[in-house]
Amino acid sequence: MQIEERTKIGYYPGCAITMGSSSEEYGTSVLRVSEEIGPELEEIHDWNCCGASSAHATNHKLSTALSIRNISLAEQSGFKEILAPCPMCSQRLIISQKDVADDEKLKKDVEDAIEMPCNGDVKIINYLELIKNYCMDEIAEKKKKTPKDLKVACYYGCLLLRPPKVLKFDDPENPTSMEEIVEATGAIPVDWELKTNCCGGGFTLSRTDVVLKLTNDILECAVDAGADAIAVACPMCHANLDMRQKKIEKEYNRKFDIPVVYISELIGLALDLGPISLGLNKHFIDTESVVNAFA
Amino acid sequence: MGNKKIGVFVCHCGTNISATVDVEKVAEETKKNNPGVSYTTTYKYMCSDPGQKLLRDKIKEEGLDGVVVAACSPKMHEHTFRNAAIKTGLNPYHVEISNIREQCSWVHPEIPVGTEKSTDLVRMMTEKVRKDKSLNAIKVPVTKRALVIGGGIAGIQAALDIADGGHEVIMVEREASIGGHMAQLSETFPTLDCSQCIMTPKMVEAAQNDNITMHTWSEIESVDGYIGNFTVKIRKKARSVDLDLCTGCSSCWQVCPCSKIKSEFDMGLGNRTAIYIPFPQAIPSKPVIDRENCILFKDARKKNIKPNDSKVCRKCIDACPIAPVKAIDYNQEDEIIEVKVGAIIVATGYKELEDGLYGEYGGGKYEDVITGLQFERLASASGPTEGVIKRPSDGKEPEIVVFIQCVGSRDPAKGCSYCSKTCCMYTAKHTMLYKHKVHHGHAFVFYIDIRCAGKGYEEFSQRAIEEEGATYLRGRVSRVYKKGEKLVVLGADTLTGSVVEIEADMVVLASAMKAQDDAMEIAQKLSIQYDKDKFLSEIHPKLKPVESSSAGIFLAGTCQGPKDIPETVAQAGAAASKVLALLSSDELEREPVVARVDRQLPPVFSTCIGCFYCQKVCPYSAIESEDIKARDGSVIKTVARVNEGLCQGCGLCAATCRSKSIELDGFNDEQIYAEINAVEFN
């Protein structure tokens, strides 16, 4: 009943997690979980690229205009909040919103380009914020499964937290939001050291050697801390830790075989939603051990 | 007064003025165009002995009763020329300086412009001189006793110097012992002499000096009054131990069952009991009960009874051999005492930056990431490991130690914008102490710059690098994290342009020196100024480095800004000499440039309406209220009164006064308007 009273939240999938893209299981599981415990998400009509990666590295105005167009569309639909589960998107949207707020001329240029006004009163949140703000009680209420001794290393990476002065989310050096959510699902968060280290991000294609070293450090640290799985909330982190894992194992001659799951998938399992409906069959590293822990 | 005979003396200041100002023309024009100016001349150096003689001679010969010296800033030589005038019998407040150097000759390269502006400036000042009245120095009696706040090296040095000069000193220290941070240090740079060996004798000397009265475990409650006449209330916090009865025999703290309290003196690396002395060489060597942690006091708080009625634990009082009255008194309460002093030295010291601020270095999270002061305790023979370098987590000897400089310092984004000045030197010292004790160990230092300016300092840091083999890496550390038993330090070496990863056993953070948490409160109690970093402000960074913004209050040591021991001792000595000079006479002469509230004959009494806006704006708490009373004692009117001892002559009250009842002597409205009206606007 409580959920119905809340206003709908604008859902911005972005390119990485939308249906048919490389990390669609993140998007699928986010939507599946919200169907179950709310809050109601409504996709922003006619959304476009957030301006991450190539755009913001080459043309500041263009990347800002791309982001702001999405925000303006959400404003026009009357949303008070936008959920951008991909941290690249949430970070770009928040930074663009701040940039136009701080620079009158940029704001005007961007508004002229997108032919829409931008008020800047929509709040952009990441997936951890959504769960923490709206769903902690619901998870406790509707939880059907408690995993048996499932130790999870919560991995934040960089984009959820940095730059801290702009994003203002959690402690940039020692964040704990994901741990709280993992605890709510009944899994056990492990104390480990590299939860905010860089995974190498987009350099996975251009400097694979660097990324392999960084991701190896992360996997090694998580496994040594006793983790059975790594939880993430970023498609980029997921790709580097999951997709590259076999290659890392080969390069550094150590077997990890550690599933990397989205935090939304973990919540879904606790709610007893089918593993396939959560996209758990779409990972490179088999997630069976995690699914079975919830059996 | 309009018929004053005014003399104008234009100084060349070598070529400082005469290069861009035609001084002869200024003198000529001034004489020609200003009726009342009866004499003008120029001289190469007015401030020199012949210059001053010229001034004195002409005052007498020409019968001058007003003088304008057109020269440098009044900050430089107003005093000089006024003193010269006194010798001729002329009241010094008829001598004014027209500054034609700082904002005139130095900034206008063209001679016609400089000359015209100088002539204008001189004319303005001659108009002011016409309105000048004689003022007499204000005499204030002096209480020949000094207060020193803080019992670290700065406070001890200042107290000893004043006491040796023959005056009484009251020293207030908030901790249970004097000694401050210096007592915590192991060895001191650049000579590596043991801090305890040079500090503890000074502590003893201070304790045994008949002129010094020490109040430890005490804090300043309030300060009233003014230079020469301060009234200070001191809160003597309940020690629970009678200092007169106690002999410091140690029986009590040996039996105390609360033995797992982190020792503040050992920076949390060692433990102490609830009844304790901070360190074995403490002065006074008499304990204090930590009421927060003592189980007896905890029980009394819980049951809401008097501590002495609690029966939970009475081991210390039972062990006390003093009879018939025990030296321990659980019911002791805070006591407020009042003292009168003539001068105050503030030597409240610094604190080390909290280690939690740099989460990426794991400070506060990993036991083996320690601060500079913690390393001092590890290396100290009286420390928790008796000087053996053992890492806190498992007591193992660390084989690789990484020292990170500028943690908090020179980091405006997160910490402090300033340089803490001592860290380059103490880190070099730490690497040496470490290498002397762990011969096969390796010390790495990450630095931004190596700043070792001081006698023997550069040689000392070079010795650490060249002879003792510390590896210095120029770059910042991004992160420290734990990997098994090791601490992985990720940093950059910007000289080779490479990323450095060191698996260390221990990490030492050269944490910034910060102002005490309550520095603002003490500044407010004393009505003195502090800077953006809450360090107490000297009134002039070069020429008045130990004077605070309030007369009679002086600064010593790190409460004023980061500094090392030699500098602190020098500053403490300087502050003491200022105090000795102040206490050397029975009466003080104060410059009579003070504000005055108007008084009139009845029935008006005063035009002051008693709004006390002046009180709100006065930075020196110099405005008091006064009741004007009839003969029968009934109050006719409550008006403002300026305390001449406190007033610094800033003029804020005069500018604020709504009924124009306050005037600043020497700068009254008539004088200022005369100056303004003398400006010819084109």
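Start with chain B of this predicted model and select domain 2 and domain 4: their centres, taken over C-alpha atoms, are 53 Å apart. To colour the chain by domain, use the assignment for chain B, which gives domain 1 as 6-135, domain 2 as 251-319, domain 3 as 350-514 and domain 4 as 595-665.

**Stop 1: a hairpin in chain B**

Next, select residues 218-226 and 229-236 of chain B, which are strands β11 and β12. These two strands pair in the antiparallel sense over eight bridges. Click on Ser218(B) and look across to β12(B), where Lys236(B) is its bridge partner. Now go to the turn: two residues lie between the strands of this hairpin, and Gly228(B) takes a positive phi near 85°.

Keep β12(B) on screen and add residues 335-341 of chain B, strand β17. β12(B) and β17(B) run antiparallel and are joined by seven bridges. For a pair to label here, take Ile234(B) and its bridge partner in β17(B), Ile337(B). While you look at strands, it helps to remember that side chains in a regular strand alternate between the two faces of the sheet.

**Stop 2: a parallel sheet in chain B**

Which strands make up the open sheet, and in what order? Reading across, you meet β20, β27, β21, β22 and β23 of chain B, five strands with parallel pairing. Select 369-371 and 471-474 of chain B to see the edge strands, β20 and β23, each of which pairs on one side only. From one strand to the next, the twist averages 25°.

Zoom in on β21 (residues 400-407) and β22 (residues 442-447) of chain B, which run parallel and share five bridges. Phe403(B) has Val445(B) as its bridge partner in β22(B).

**Stop 3: two crossing helices in chain A**

Move to chain A and select residues 60-76 (helix α5) and 104-114 (helix α7). Their axes come within 9 Å and cross at roughly 70°, which makes α5(A) roughly perpendicular to α7(A). The crossing is right-handed.

Show side chains for the contact: Lys61(A), Thr64(A), Ala65(A), Ile68(A), Arg69(A) and Ser72(A) come from α5(A), while Leu106(A), Asp109(A), Val110(A), Ala113(A) and Ile114(A) come from α7(A). By class, this contact holds six nonpolar, two polar and three charged residues.

**Last stop: where the chains touch**

Finally, show both chains together. Six residues from chain A and five residues from chain B make the contact. On the chain A side, two are nonpolar, one is polar and three are charged.

Notes. Residues are numbered from 1 along each chain as its sequence is written. Chains are lettered from A and ligands numbered from 1 in the order in which they are written. This is a predicted model: local features need pLDDT of at least 70, side-chain atom pairs count only at pLDDT 80 or more; totals for chains, interfaces and linings use all residues. Two strands pair if DSSP finds at least two bridges between them. Helices (H or I, at least four residues) and strands (E, at least two) are DSSP runs, numbered from the N terminus. Domain bounds come from an automatic or database domain assignment. Two residues are in contact if their C-beta atoms, placed from the backbone, lie within 7 Å. Ala, Val, Leu, Ile, Met, Phe, Trp, Tyr, Cys and Pro count as nonpolar, Asp, Glu, Lys and Arg as charged, and the others, Gly among them, as polar. Axes are lines fitted to C-alpha atoms, for helices over the stretch in contact, and angles run from 0 to 180 degrees between N-to-C directions. Angles under 35 degrees count as roughly parallel, over 145 as roughly antiparallel, 65 to 115 as roughly perpendicular and the rest as oblique. A crossing is left-handed if the near helix is turned anticlockwise from the far one by less than a right angle, and right-handed if clockwise.
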